[in-house]
Amino acid sequence: FFQAEDGIRDKLVTGVQTCALPISLLGSGAIVGELAMLDGQPRSATVEAIRPSLVSFISRAAFQEIMRDRNLPDHLLSILVSRLRKSDEEAAASSFLGVKARVVRALYQMADKLGEYDPSSGTMNVEHDLRQTDIAALAGVSRESVTRVLAALKKSKVVLHSGRFSYRIHMESLEREARLDD
């Protein structure tokens with residue numbers, strides 16, 4: 001069981017080979033590994049820091065002792081319910097939203113968790129090693145689709161710069177794009 005104090009990326013490992021795709025971005029205060037602590041099964045994902053992070057580790061024995069405290073089970077249940085609701089939203093998004101809207105949602109999540117806001121330009125600057133395949137995995141679309149959507153967003157000045165290690169996103173325009181695609 002870990003609690004993150006800074007931004008990390010949750011990665012899904014599938015099959016016999018380790019094919020790791022990001023499934024979500026986690027920020028300060030996020031907890032991971034709680035399901036394995038509760039049911040004793042192997043963990044369902046691997047977490048990788050994408051910038052220097054501070055995490056707290058709790059062993060299974062300590063976790064079981066802490067669970068006897070009445071407040072922690074309530075807090076943990078609240079977190080699990082929140083994740084279930086987010087999963088429901090993601091399932092609905094992948095069923096009902098178009099490709100552009102899903103990429104916009106992924107960019108918004110990326111900017112929200114990893115970006116630094118520049119109030120003078122209204123942009124969010126994201127400087128991390130994020131590839132188009134990472135954005136595609138977050139959005140549940142192909143990398144080629146991300147390429148096309150990014151090109152259209154650059155043309156309309158929503159994304160002002162994109163590269164392997166940096167994105168500059170005009171947040172008001174991104175929010176407008178998100179509303180248009182609802």
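Here are legends for a few close-up views of this structure, which is a predicted model.

**View 1. The whole chain, with its 7 helices and 10 strands.**
Start here to get your bearings. The chain runs to 182 residues, and 33% of them are buried. Look at contacts with a separation of 6 or more, and you'll find that 65% of them join residues 24 or more positions apart. On the outside, the accessible surface adds up to about 10900 Å², and carbon and sulfur atoms hold 53% of that.

**View 2. The largest nonpolar core, made of 27 residues.**
Which residues have the most contacts inside this core? They are V103, L107, M110, V126, I135 and I169. Several elements chip in with two or more residues each: helices α4, α5, α6 and α7 (171-180), plus strands β8 (123-126) and β10 (167-170). Helix α4 gives the largest share, with 7 residues.

**View 3. I169 and the residues it touches.**
Now zoom in on I169, one of the core residues with the most contacts inside it. Leaving aside residues up to four places away in sequence, I169 touches L107, M110 and A111, then G122, T123 and M124, and also V158 and L174. Two of these names, L107 and M110, may ring a bell from the previous view, where they are listed among the residues with the most contacts in the core.

**View 4. Another core, set apart from the largest one.**
This core has 5 residues. Among them are I31, F63, L76 and I79.

**View 5. Helix α5 packing against helix α6.**
Two packed helices are described by the angle between their axes and the distance between the axes. Here, α5 covers residues 132-139 and α6 covers residues 143-155; the angle is about 100 degrees and the axes sit 8 Å apart. An angle of 65 to 115 degrees counts as roughly perpendicular, so that is how α5 and α6 lie to each other. On the α5 side, the contact uses Q132, T133, I135 and A136, while α6 brings R143, V146, T147 and L150. Sort the residues of this contact by type and you get 4 nonpolar, 3 polar and 1 charged.

**View 6. Q109 in helix α4.**
Helix α4 spans residues 99-114, and Q109 is part of it. Is Q109 buried or exposed? Its relative accessible area is 17%, and the cut-off for buried is under 20%, so Q109 counts as buried. Not counting residues up to four places away in sequence, Q109 touches S24, L25, K86 and L138.

Notes: Residues numbered from 1 in each chain as written. Predicted model: local features only at pLDDT ≥ 70, side-chain atom pairs only at ≥ 80, totals over all residues. Heavy atoms only, no water. Axes fitted to C-alpha atoms, helices over the stretch in contact; angles between N-to-C directions. Helix = DSSP H or I, 4+ residues; strand = E, 2+ residues; numbered from the N terminus. Parallel < 35°, antiparallel > 145°, perpendicular 65-115°, else oblique. Contact = heavy atoms within 4.5 Å. Nonpolar A, V, L, I, M, F, W, Y, C, P; charged D, E, K, R; others polar. Buried < 20%, exposed > 50% of the residue type's maximum accessible area, 1.4 Å probe, protein only. Core = buried A, V, L, I, M, F, W, Y, C linked by side-chain atoms within 4.5 Å. Areas by Shrake-Rupley, 256 points an atom, 1.4 Å probe, with all protein chains shown as cover.
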